[in-house]
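Student: I would like a close look at a single part of this model, namely its aromatic ring pairs. Please take me through them in one connected account.

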Amino acid sequence: MLDLGNKKLEKFSLSKELVGERVVLVPRTHEYDEALWRLIDSSREFLREYLFWVDDTNSLDDVKSVTSIFMKNWDNQDSFEYVFLDKKTKKLVGAGGIHTVCYLHHYAEYGYYLDKNAVGHGYVTEVVKLLEKELFSKGIHRLQIVCDVNNHASAAVAKRCGFELEGTMKESRFAYGSYRDEFLFAKINR
C-alpha cells in the first residue's frame, strides 16, 4: 500500500497511449476534431439523452474549441481526455477519460461516450480498466463513475468493472427542463 500520510498527491500525467485487446487510447488533439464532429453529429439523438452538452455542439468549430480546453487541461494535469480508436481499423469509436482529478482527496472521475454503432463491443469496459490501472498506479485511491439512473449501459459498464453502487443522488442534474437522479459508482484502490 502506498503511504501518503496526510499529503496531497503530486500532479501526474497519464500515458500518451494505452493499448487494450480491442481499443487504443490516445490524447484528444485537433487531429481528431473532424472525426469527433462526424461521430457526434451522426450519433446526436443517441448521445443527447445522457450527455447534455450535445445540443451545444453544432459545428466543427465547437468541437475544436472543446478540444483546445481538453488539451490545456491535459498540459495542466487537471483532466485527461482521450479518443478511443478501434485497435484493428484505427477508426475513432468514442472519446472520454478522466474529467475530474482531485489531488487533495486522491480521487478521479470518469466520463465517456461512443459512436452509436460502436456500442456493445466492449470498448468502454476496456477503457475503464486501462485507465483504472494507470490511475491506481499513480496513487489515486478512489475512482468514480456517475451516470443517469436510466443509463443502463453506463451502469452495466461500472458493474462489469467491479465498481460498487454507493447510492442514488436525487435530483443532482438539471437537464432538459427537469431534475434527474444519478447513480454514484465507486471503486477503491486496495
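Student: Are F12 and F80 buried or exposed?

Tutor: In this predicted model, both F12 and F80 are buried, and the two residues are best read together, as a ring pair. A pair of aromatic rings is described by the distance of the centres and the angle of the planes. The structure holds nine aromatic pairs by the rule applied here. For F12 and F80, the ring centres are 6.1 Å apart and the planes meet at 10°, so this pair counts as stacked, given that planes under 30 degrees apart fall in that class. The pair also connects distant parts of the chain, since F12 belongs to the segment before β1 (18-19) while F80 is in strand β3 (residues 80-86), with their positions 68 residues apart in sequence.

W74 and Y82 form another pair, with ring centres 5.1 Å apart and planes at 80°, so that this one is edge-to-face, the class for angles over 60. Both of these residues, W74 and Y82, are buried as well. The two pairs belong to a wider arrangement, in which ring pairs join F12, W74, F80, Y82 and Y103 into a cluster.

An aromatic ring can also be considered together with a charged side chain, and here R48 lies over the face of Y176, at 4.3 Å from the ring centre. Another arginine, R44, is found in helix α2 (residues 44-48). R44 has a relative accessibility of 15% and therefore counts as buried, the limit being under 20%. Apart from neighbours within four places in sequence, R44 is in contact with W37, V54, T57 and N58.

Notes. Residues numbered from 1 in each chain as written. Predicted model: local features only at pLDDT ≥ 70, side-chain atom pairs only at ≥ 80, totals over all residues. Heavy atoms only, no water. Phe/Tyr/Trp six-rings, centres within 6.5 Å; stacked < 30°, edge-to-face > 60°. Helix = DSSP H or I, 4+ residues; strand = E, 2+ residues; numbered from the N terminus. Buried < 20%, exposed > 50% of the residue type's maximum accessible area, 1.4 Å probe, protein only. Lys NZ or Arg CZ within 6 Å of the ring centre and 35° of its normal. Contact = heavy atoms within 4.5 Å.
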